[in-house]
Amino acid sequence: MFVKCISVVVCTICFLYTFYILCNLTYFLSNVSNKNKETITSPEKDEDTESVLWLLIINMSLLSIFMFQHSLMASNVVKHLFCKLHMDYMERSIYNVTSAMTLHLLFNKWRTISSIALWNVNISFNNVLWFTFTALHVLAWSIIYSGCLMMDISELVGIKQVYYKFSFRPSPTLMKSKELLRYYSHMRHPSFTGFLIILWVYPHMTLDRLLLALILSIYMTLMWTIDKEDYNYHANLVKRKQRELF
């Protein structure tokens, strides 16, 4: 009973903290109101080469910590370790909360380099540009979060695993087909297109934003290993859903 209570409390805390960080992620990647004032009206004072390099090193270190954690926690070694400790039902919650912690660190320590920019577009006084930017980012976030909902959101956040464990049901993964498990293992970032829009469709492509967009795009590309068999599975699944709906 004690283990059950602790597991439920930990799972709930992990979920709430992850949700909070995801809200911050949305703001961090899509907000331009304050950045617009800083970059357009009052740019930072000139930075010499050494200070720019140092800021780039800090930002790259933050990205490296996030990517290392993301890859390590998703590895089979860690998954097997959770199984040996008989904590496989908590693996997803801990994965989410550690990912959220590295993102939290990235938000707090990220350094803006506004003195160097690839492009700078002031959208504050142009309704068409502002609406276009906002619409694209709303669309992209809708793709990302709707994709999470369609992939079984309760399992993604780790709640389903804990519920199944203490209601004496088999693990949710054991109830999925081999084709679906194979598809999930290859498609680590199902919202790849949405993140590309968010990272690159941005009015102020400062040097730090360029680093963020470039590194995360490369990282997601390397994790994107969909093959023909996965594509056929997804195509057949979509056709079956269409037949059921219409």
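Start with the crossing of α1 and α5: in this predicted model, the two helices cross in a left-handed way. Select residues 2–30 for α1 and residues 91–109 for α5. Their axes come within 9 Å and cross at roughly 35°. Now show the side chains where they meet. On the α1 side, look for residues including Cys 11, Cys 14, Tyr 17 and Phe 28. On the α5 side, the partners include Ser 93, Asn 96, Met 101, His 104 and Phe 107. Coloured by class, this contact has 13 nonpolar, 5 polar and no charged residues.

Next, zoom out to the whole chain. There are 12 helices and 2 strands. Following the chain from the N terminus, you meet them in the order α-α-α-α-α-β-α-α-α-α-α-β-α-α. Of the 246 residues, 37% are buried. Among contacts with a separation of 6 or more, 81% are between residues 24 or more positions apart.

Now colour three stretches: 6–30, 51–69 and 128–147. An unreviewed UniProt entry annotates them as "transmembrane region". Residues 6–30 are 100% helix and 0% strand, with end C-alpha atoms 36 Å apart. Residues 51–69 are also 100% helix and 0% strand, and here the end C-alpha atoms lie 27 Å apart.

Step just past α1 and select Asn 31, in the loop between α1 and α2. Is Asn 31 buried or exposed? With a relative accessible area of 14%, Asn 31 is buried, because buried means under 20%. Leaving aside neighbours within four places in sequence, Asn 31 is in contact with Thr 26 and Tyr 202.

From here, jump to helix α11, residues 207–223. Try a distance check between its end C-alpha atoms: they are 24 Å apart, which agrees with the 24 Å that 17 residues should span at 1.5 Å a residue. Then show the buried residues of α11, among them Leu 207, Asp 208, Arg 209, Leu 212, Ile 215, Tyr 219 and Met 220. Which elements do the buried residues of α11 pack against? They pack against α1, α3 (49–73), α10 (192–200) and β2 (204–206).

Select α10 next. Its buried residues are Phe 192, Gly 194, Ile 197, Ile 198 and Leu 199. These pack against α1, α6 (127–150), β2 and α11.

Stay on α10 and pick Phe 195. Phe 195 is partly exposed, because its relative accessible area is 21% and buried means under 20%. Not counting residues up to four places away in sequence, Phe 195 touches Trp 141, Ile 144 and Met 220. Draw a line from Phe 195 to Ile 144: they are 51 residues apart in sequence, yet 7.6 Å apart in space, C-alpha to C-alpha.

Finish with two loop residues. First comes His 86, in the loop between α4 (76–84) and α5. Its phi is near 60°, a positive value in a residue other than glycine. At 61% relative accessibility, His 86 counts as exposed.

The last stop is Phe 168, in the loop between α8 (159–166) and α9 (178–186). Phe 168 has a positive phi of about 60° although it is not a glycine. Is Phe 168 buried or exposed? Phe 168 is exposed, because its relative accessibility is 78% and exposed means over 50%.

Definitions and conventions:
Residues numbered from 1 in each chain as written. Predicted model: local features only at pLDDT ≥ 70, side-chain atom pairs only at ≥ 80, totals over all residues. Heavy atoms only, no water. UniProt positions renumbered as here; feature names shortened; annotations may be inferred. Helix = DSSP H or I, 4+ residues; strand = E, 2+ residues; numbered from the N terminus. Buried < 20%, exposed > 50% of the residue type's maximum accessible area, 1.4 Å probe, protein only. Contact = heavy atoms within 4.5 Å. Expected span 1.5 Å × (residues − 1). Axes fitted to C-alpha atoms, helices over the stretch in contact; angles between N-to-C directions. Left-handed = near helix turned anticlockwise from the far one by under 90°. Nonpolar A, V, L, I, M, F, W, Y, C, P; charged D, E, K, R; others polar.
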